[in-house]
Amino acid sequence: MKQQTPRNIEVQRKQELLNRIAPGLLTWYDKSRRSLPWREEPTPYRVWVSEIMLQQTRVEAVKPYFARFMERLPDIEALAEVDDDELLKLWEGLGYYSRARNLKAAAQQIVTEYGGEMPSDYRELLKLKGIGSYTAGAVSSIAFKQPNPAVDGNVLRVIARLLEDNSDISDQSVKKRVEDDLRPVMPKDRPGDFNQALMELGATVCLPNGAPKCSNCPWQEFCLVGLHGTWQQYPKKAEKKARTIEDKTILVIRTSKQVVLRKRPKRGLLAGLYEFPAMDKKASLEEVREWLKKQGVEAVRIEKLPESKHIFTHKEWHMTGYQVLVDELEPMGQDESLLFVETQEIERNYPIPSAFAAYSAYLKIQTGIQKMKGTTL
């Protein structure tokens, strides 16, 4: 008889735990699942759009965006044909705008390569712009009932805690391993519910911040961190690199009816969105006056605005601002990306990222998430 090594015993114990997760999880999900618009009508298109929106965004924040998006772009053909500015306006405030651009690019792929029908095959889904293993797993399992795992941060966390797994969940090889571990234990008749139940468990019980609600967990009898009280030690994740800090001076140059906007380049951070003219430094009032003079701008009054900060994934903007009132707007220097826009048109037609929310507020308009906070479903 072959002697078992500590490593073999560990693998066996891990497999025994994984084999136990599905029955209780699905029973719990049937009783505790939240009613979400994309769950109640899980067409491939709705599942896909919702999953992209939900990346790095809370469920409650997504709901009004999803409803508005579906009303304006109800199918793949409409998404493939939408104007870029309108698409980004629909996305305004959700952040990570490349997600929206990838959605449109993938929709165009679907129209030209798949006859307008979302492919059901996992490998074909991976060929679409912006779709990785998680989204392909979610769409194929929820919309097409195929047994493919959908492993996101919630799933990585609950599995790491279940098994007291010391692996670094930011390592892509760990994600791949968890996908491989889950595939054989997925119920073949309910793969989509299994994936959604794992996500739901991570979102509502095995929380990312604060103590997990172990008394509500369907795995409380065998989850290792619950039994050992070690939840604070899991999951393991390598420390992120410190974000770089960039100073900026934001200039709200306006008349009583118009304001100056600049369209950002087609590539890079906040690509294709609109912003206020800015100086790449923390400028004094005299430096602002000198900048305006070089642009040929005659200011009637310059008002200092509060400082603001916006955090991106790898950098922070530390901003100060000035409101510059002028009698009329005239061409400014040689910058062809500058536009003179009717203030009332901004809410309807010009997507401005939430990074500038502290300064767009001085135009008495609401953009992005500000507007959505007042939306009721």
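Helix 7 and helix 8 cross in a right-handed sense, and this comes from a predicted model. Helix 7 covers residues 84-91 and helix 8 covers residues 98-113; they pack at an angle of about 130°, with 10 Å between their axes. That angle makes helix 7 oblique to helix 8.

So who touches whom? Here's the contact, side by side.

| Helix | Residues in the contact |
|---|---|
| Helix 7 | Asp84, Leu87, Leu88 and Trp91 |
| Helix 8 | Arg99, Ala100, Arg101, Leu103 and Lys104 |

Sort the residues of this contact by character and you get five nonpolar, four charged and no polar ones.

Now over to helix 12, which spans residues 172-182. Buried there are Val174, Lys175, Val178, Glu179, Asp181 and Leu182. Where do the buried residues of helix 12 fall when you look down its axis? They sit within an arc of 165°, so they line one face of the helix.

Last stop: Glu345, which belongs to helix 16, residues 343-349. Is Glu345 buried or exposed? Neither label quite fits: Glu345 has a relative accessible area of 23%, so Glu345 counts as partly exposed, given that buried means under 20% and exposed means over 50%. As for its surroundings, take Gln258: Glu345 and Gln258 are 87 residues apart in sequence, while their C-alpha atoms are 9.4 Å apart in space.

Key. Residues are numbered from 1 along each chain as its sequence is written. This is a predicted model: local features need pLDDT of at least 70, side-chain atom pairs count only at pLDDT 80 or more; totals for chains, interfaces and linings use all residues. Side-chain values use heavy atoms; hydrogens and water are left out. Axes are lines fitted to C-alpha atoms, for helices over the stretch in contact, and angles run from 0 to 180 degrees between N-to-C directions. Helices (H or I, at least four residues) and strands (E, at least two) are DSSP runs, numbered from the N terminus. Angles under 35 degrees count as roughly parallel, over 145 as roughly antiparallel, 65 to 115 as roughly perpendicular and the rest as oblique. A crossing is left-handed if the near helix is turned anticlockwise from the far one by less than a right angle, and right-handed if clockwise. Contact means heavy atoms within 4.5 Å. Ala, Val, Leu, Ile, Met, Phe, Trp, Tyr, Cys and Pro count as nonpolar, Asp, Glu, Lys and Arg as charged, and the others, Gly among them, as polar. Buried means under 20% relative accessible area, exposed over 50%, partly exposed in between (1.4 Å probe, protein chains only). The arc is that of the directions from the helix axis to the C-beta atoms.
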